[in-house]
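Open the model in your viewer and keep the selection panel at hand. We will move from stop to stop.

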Amino acid sequence: MRIIILFGAPGVGKGTQGALIAEKYGYLHMSTGSILREEVARNTPLGAEIESYISKGHLVPDKMICNIVVEEINKLKGEKGIILDGFPRTLAQAEFLDIMLFEKGLKIDLMIDIQANRKTLIDRLVKRGTLSHRMDDTLETIEKRLQIYEDQTSPLIGYYRQTDRYNTISSEKGIEDTFEHIAELVDTIVE
Ligand code: AMP
């Protein structure tokens, strides 16, 4: 089973590209943000706690998200590959992922760091907020999420850059151009 990590700031296009990879290669798209939003929509006590973090633009605690990811990974049955979209987001999550994959005889096959400049990200997220009414796509929360990305998530680039699985792709030129470059990378790991 191939493991791809889609990494990058909010608004960089991880969700869109994850869905395209899933469609083309038959891999499972695992978006932690979507899993969390589904739990919120179920109106459970856990969902209410999750909502209090997401609505402020904060990350949910590492322990909570790691438990959720383990549960999702344990549900898998013979998938050709999985695309992790939005996980890991902290060093603790990255270390946890390495251990969990090692225990399962798996490894990260490809890490794709998608990049775009700050103005592009803000424009995209504001636009998405007006279309989808996502609770965290308001200007104030967007700024907070970008700051948290800088502080807590971007240091992971140093963690992964030491490996030969790390690749950078720009998403400035739009969805199709970005996917063309991503597909070239995925082609190199397809079994
Ligand atoms: P996303 O859909 O990936 O932009 O995620 C939306 C929100 O879900 C984030 O702003 C966080 O509040 C939460 N979230 C998603 N993935 C994680 C993660 N790996 N660690 C902590 N919080 C997360």
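Which ligand atom lies 2.6 Å from a backbone N or O atom of histidine 58? Select histidine 58 and the ligand: the partner is an oxygen atom of the ligand.

Before moving on, note that this is a predicted model, in which local features need pLDDT of at least 70, side-chain atom pairs count only at pLDDT 80 or more, and totals for chains, interfaces and linings use all residues. Residues are numbered from 1 along each chain as its sequence is written, and side-chain values use heavy atoms, with hydrogens and water left out.

**Stop 1: polar contacts of the ligand**

A polar contact here is a pair of N or O atoms within 3.5 Å; within protein, one must be able to donate a hydrogen and the other to accept it, and residues adjacent in sequence count only if both atoms are side-chain atoms. Select threonine 32 next. One of its polar side-chain atoms is 2.8 Å from a nitrogen atom of the ligand. Now pick arginine 134. Here a polar side-chain atom lies 3.2 Å from an oxygen atom of the ligand. Taken alone, the ligand exposes 480 Å², and the protein buries 96% of that (Shrake-Rupley method, 1.4 Å probe; for residues, only the protein chains shown count as cover).

**Stop 2: the shell**

Show the residues around the ligand, those with a heavy atom within 4 Å of it. There are 16, and Thr32, Arg37, His58, Gly86 and Arg89 come nearest. Color helix H2, residues 32-41: this helix gives the most to the shell, with four residues. Helices (H or I, at least four residues) and strands (E, at least two) are DSSP runs, numbered from the N terminus.

**Stop 3: the largest pocket**

Switch to a surface view. The ligand sits in the largest pocket, meaning that more than half of its atoms lie within 2 Å of the grid points. A pocket is found on a 1 Å grid over the protein atoms alone: an open set of points where a 1.4 Å probe fits, with protein on both sides within 12 Å along at least five of seven lines; lining residues have an atom within 4 Å of a point. This pocket holds about 990 Å³ of space. Its lining has 48 residues, with Gly11, Lys14, Arg128, Arg134 and Arg145 nearest the centre. H6 gives the largest share of that lining, seven residues. Select residues 118-132 to see H6.

**Stop 4: the second largest pocket**

Its volume is about 160 Å³. Of its 14 lining residues, Ala9, Ala116, Leu121, Tyr149 and Glu150 are closest to the centre. Strand S4 (110-115), H6 and H7 each give two or more residues to this lining.

**Stop 5: two backbone details**

Go to proline 88, in the loop between strand S3 (81-85) and helix H5 (91-103). The peptide bond leading to it from phenylalanine 87 is cis, with omega near 0°. Finish at asparagine 43, between H2 and helix H3 (45-54). Asparagine 43 is not a glycine, yet has a positive phi of about 60°.

Note on methods. Points joined across faces, edges and corners; volume = space filled by probe spheres on them.
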